[in-house]
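I set down here what I looked up in one structure. The entries follow the order in which I took up each topic.

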Amino acid sequence: MNKGDGHPFTRQDWLDVGAGHQLFLAQYGDPQGVPVLYLHGGPGAGCSAEELKLFIDDGFHIYMLDQRAAGRSKPCGVLEHNNLLELLKDIERVRNWAKVDAWCLLGGSFGATLGYLYSCIYPKRVLSQVYWGMFIPSPEGADWLYGPGGAAQIFSTQYREFTRGFNGTLDALFEQFHQDFHAPCSDVRDHSIRRWLAWELELAAPGCTIHDRYAEQSSVLARLELHYAKNDYFGAYALMKKVGAALTAPTVILQGELDWVCPQPIVDKFLACDGPELLSSRLVKSGYHTLSDERMCSAVAAAVSQMGRYVKSL
């Protein structure tokens, strides 16, 4: 691994967290700088050095963690002992291993969900945090993403291809994908995986096609996303509502105006009902869901710089 956007690579490790899982952790930047843990989305997307472009200032010690079974973590794509509580425990295991007393958090989509929960469960361990495209794993959030009454109403042609005309319940749709993902015929498996990813990519960055990076990680990303969706994200939404009052870290959430994966109204509804006062939501005009969108990337990078200045002033 080489330098990333001016932030020198310092080391990489595989951390044994039990049950056969090893987490891949890469470190960049200034070892004496503001510690920041980067949480990727998916679940299952893995980290990329490209995401270091969010750090336009020096003075950060950047930890990039491939979550359980994702990216370069081992074994890749394994669903056993892979659930929300284990992912949350993994973050604390990494913090203890790194001997960081408290750090900042940065992440998008499901990574934002995960980081928010961690910051509420371990409030003394989080100094400040920035998220974008935050996924609210409520029934409404899941229905919007995968059901016929949400994004499907905007991208109807793509939704018909995603579901292949399936008109059952959401649980039945997930079960059908589960069967296809484990079909003995490789053509059925591969086509189903591509349908899953094509639908998500259409919402995240309309008009784009699945590029090489997605193709390489397609099976892992699709299988892990389905695993969490099929299991109702292991109670993540109920936990968010339960622990939200414990948040102590200043928190900024950036939502793209054209984010069709995690639309702002669902996030705003959650904040209005259950969000603590320390949490603020900002709309990125004409912004999409992914960092490949320059407007979203620039907004997140500016928020990260602001977070760094805040922590250095403490």
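**Entry 1: Cysteines**

I began with Cys-104, which is buried, with a relative accessible area of 0%. Buried means under 20% relative accessible area, exposed over 50%, and partly exposed in between, with a 1.4 Å probe and protein chains only. I note that this is a predicted model, in which local features need pLDDT of at least 70 and side-chain atom pairs count only at pLDDT 80 or more, while totals for chains, interfaces and linings use all residues. Residues are numbered from 1 along each chain as its sequence is written, and side-chain values use heavy atoms, with hydrogens and water left out.

How many disulfides are there? Taking a disulfide as a pair of cysteine sulfur atoms within 2.5 Å, I recorded a count of zero. Cys-47 takes part in no disulfide, and its nearest cysteine sulfur, that of Cys-76, is 13 Å away. I entered Cys-47 as buried, at a relative accessible area of 10%. Cys-104 is likewise in no disulfide, the nearest cysteine sulfur being that of Cys-120, 16 Å away.

**Entry 2: Helix 1 against helix 2**

I next took up helix 1 (residues 84-98) and helix 2 (residues 110-121), whose axes come within 10 Å and cross at roughly 65°. That makes helix 1 roughly perpendicular to helix 2. The terms are as follows: angles under 35 degrees count as roughly parallel, over 145 as roughly antiparallel, 65 to 115 as roughly perpendicular and the rest as oblique. Axes are lines fitted to C-alpha atoms, for helices over the stretch in contact, and angles run from 0 to 180 degrees between N-to-C directions. Helices (H or I, at least four residues) and strands (E, at least two) are DSSP runs, numbered from the N terminus.

Is the crossing of helix 1 and helix 2 left-handed or right-handed? I recorded it as right-handed; the near helix is then turned clockwise from the far one by less than a right angle, whereas anticlockwise would be left-handed.

Which residues make the contact? Helix 1 contributes Leu-84, Leu-87, Leu-88, Ile-91, Glu-92 and Arg-95, and helix 2 contributes Phe-110, Leu-114, Leu-117, Tyr-118 and Ile-121. Contact means heavy atoms within 4.5 Å. By class, I entered nine nonpolar, no polar and two charged residues for helix 1 with helix 2. Here Ala, Val, Leu, Ile, Met, Phe, Trp, Tyr, Cys and Pro count as nonpolar, Asp, Glu, Lys and Arg as charged, and the others, Gly among them, as polar.

**Entry 3: Helix 2 against helix 8**

I then turned to helix 2 and helix 8, whose axes come within 10 Å and cross at roughly 40°. Helix 2 passes helix 8 in a left-handed crossing. The contact involves Thr-113, Tyr-116, Leu-117, Cys-120 and Ile-121 of helix 2, together with Ala-236, Leu-239, Met-240 and Val-243 of helix 8. I classed these residues as eight nonpolar, one polar and no charged.

**Entry 4: Backbone geometry in loops**

Most residues other than glycine have a negative phi, and most peptide bonds are trans. I therefore listed the departures from this pattern.

A cis peptide bond joins Gly-42 and Pro-43, with omega about 0°. Pro-43 sits in the loop between strand 3 (34-39) and strand 4 (60-66). Another cis peptide bond joins Lys-74 and Pro-75, with omega about -15°; Pro-75 lies in the loop between strand 4 and helix 1.

Ser-109 has a positive phi, near 60°. Ser-109 is placed in the loop between strand 5 (103-108) and helix 2, and is buried at 13% relative accessible area. Asp-232 also has a positive phi, near 55°, and belongs to the loop between helix 7 and helix 8.

**Entry 5: Gly-41 and Trp-199**

Gly-41 lies in the loop between strand 3 and strand 4 and counts as buried, at 15% relative accessibility. Leaving aside neighbours within four places in sequence, I found Gly-41 in contact with Gly-108, Ser-109, Phe-110 and Gly-111. Gly-41 and Leu-221 are 180 residues apart in sequence and 9.7 Å apart in space, C-alpha to C-alpha.

Trp-199 is in helix 6 (residues 186-204) and is buried, with a relative accessible area of 2%. Not counting residues up to four places away in sequence, Trp-199 touches several residues, including Leu-145, Ala-151, Phe-155 and Phe-162.
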